[in-house]
Structures are given as C-alpha cells and as structure tokens.
Amino acid sequence: MFLDLARIRTPHEHYEQIYQPDALASDESFRVAAPVSLALDIRKDKQTFHLTGRVQTTLELPCSRCLEPFTRPVDAAFDLRYQPQTANTGADEREIAEDDLSTAFYENEEIDLGQMMREQFLLPMKPLCSEECRGLCPVCGTNLNRGACDCRRGWDDPRFDALRELRTKN
C-alpha cells in the first residue's frame, strides 16, 4: 500500500481507496475487523507533500486493563507533512517543535500508506473496553469485570516490619 509520488503531477489531488481487512498487517496490538476507508487530499509543494484526510474502520483490540478483546470504531482525521528522507539530517540537537510531530519522511518517491494508517489506529495508546473496566486482580489474575476473588489486595512492605513491631509493643 504505497502512494506513488511520481504520479502526482498537479499541486492538489484527491485520493480515495477502500482496503479489505486482510490487506493491512495486524499484530498483537490490534486486528482490523472491517474494511478500511481512506480518503485524503494531497497538496504538493516541490518535494514536500501535505496529506490531510480521514481513515475509518473497526478494530478489534485487547483492553489494556482486563486483556479481553473488544471492537472499537475508528474515525481518525490526520494532517501530515512528508519530506524526502534526505531532508532528515538529524545533525543538531534541538527542542522538538509542534510542526515536527506532524512531519514524516519518505524514500524512493513513495509514501507507505499502510504505516500511516497503523499509526492512526494506535491512538489512543491505552485502549479500554469501557471507562468502568476493573481490570485483572494483580494476585490471581481474575477478571474483576466478571467476578470477585478472595485475594488480599494490600501489601505490607517487609522493610517496615521492625517499625510495625515497635508500634504494637507501645
């Protein structure tokens, strides 16, 4: 899934494509569960390409608290600037500017649209099946959304045993 930049001849072009779920490589962080709709406007300024658009699909993700899979619709807007890899000198140390966060680099006159879409899918970083998710018991691993366990939640630091003995003697 590459956008061939050599084929972009005008300063502004529109691109729309629907990809089947198996066209995007899934990994342990998500699985594409529905067709992916990608629509973007491409603005060309010499060797810099400005892509604005939207990607829509449904993902299956593991919850960050309980690890149970759940589906989440994705409707992510993006505004990215691509420059040739040769412009990425990385020579000087400097503070990251806001503009740097939306700048990426391309090689061989093509932009990897698959990578760009995966980046949009991975936001937010900690997906939750619901805001009320209680997660897993840290002792026995029971899913606390399904039931309770009898584990003791508190932990006594053994380094404070001597202080506890002093307190109980007085």
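This section reports side-chain contacts, a surface patch and cysteine geometry in a predicted model.

Salt bridges were examined across the whole structure, and the search returned five. One of them joins Glu60 and Arg31, with an N to O distance of 3.4 Å. This pair connects distant parts of the chain. Glu60 belongs to strand β5, which spans residues 48-62. Arg31 belongs to strand β3, residues 31-32. The two positions are 29 residues apart. Glu60 has a relative accessibility of 29% and therefore counts as partly exposed. Arg31, at 40%, also counts as partly exposed.

Strand β5 contributes to another bridge, through Arg54. Its partner is Asp75, and the closest N and O atoms are 2.4 Å apart. Asp75 sits in strand β6, residues 69-84. This pair, too, links distant parts of the chain, with the two positions 21 residues apart in numbering. Arg54 is partly exposed at 37% relative accessibility. Asp75 is partly exposed as well, with a relative accessible area of 46%.

A further salt bridge pairs Asp157 with Arg159. Here the closest N and O atoms lie 2.5 Å apart. The two partners fall into opposite classes of accessibility. Asp157 has a relative accessible area of 11%, so the residue is buried. Arg159 reaches 69%, so this residue is exposed.

A nonpolar patch was found on the surface, with an area of about 310 Å². Phe160, Leu163 and Leu166 make up this patch. Leu166 is part of helix α2, which covers residues 161-169.

Aromatic contacts were searched for over the whole structure, giving two pairs. In one, Phe30 and Phe121 are arranged edge-to-face. Their ring centres are 5.6 Å apart, and the planes meet at 75°. Phe30 lies in the loop between β2 (12-19) and β3, while Phe121 lies in helix α1, residues 113-121. The pair thus bridges distant parts of the chain, 91 residues apart. Both Phe30 and Phe121 are buried.

The other pair consists of Phe49 and Tyr106. Their ring centres are 5.7 Å apart and their planes stand at 75°, so this pair is edge-to-face. Phe49 lies in strand β5 and Tyr106 in strand β7, residues 103-106. The contact therefore ties together parts separated by 57 residues in sequence. Phe49 counts as buried because its relative accessibility is 2%. Tyr106 is buried at 5%.

Cysteines were checked for disulfides, and the count came to zero. Cys129 takes part in no disulfide. Its nearest cysteine sulfur is that of Cys63, at 3.6 Å. That distance lies outside the 2.5 Å cut-off for a disulfide. Cys129 has a relative accessibility of 33% and so counts as partly exposed. For Cys133, the closest cysteine sulfur is again in Cys63. The separation is 3.7 Å, which is too far for a bond. Cys133 is buried, its relative accessible area being 6%.

Technical notes
Residues numbered from 1 in each chain as written. Predicted model: local features only at pLDDT ≥ 70, side-chain atom pairs only at ≥ 80, totals over all residues. Heavy atoms only, no water. Salt bridge = Lys/Arg side-chain N within 4 Å of Asp/Glu carboxyl O. Helix = DSSP H or I, 4+ residues; strand = E, 2+ residues; numbered from the N terminus. Buried < 20%, exposed > 50% of the residue type's maximum accessible area, 1.4 Å probe, protein only. Patch = residues over 30% accessible without salt bridge, like charges linked within 9 Å, V, L, I, M, F, W, Y side chains within 5 Å. Areas by Shrake-Rupley, 256 points an atom, 1.4 Å probe, with all protein chains shown as cover. Phe/Tyr/Trp six-rings, centres within 6.5 Å; stacked < 30°, edge-to-face > 60°.
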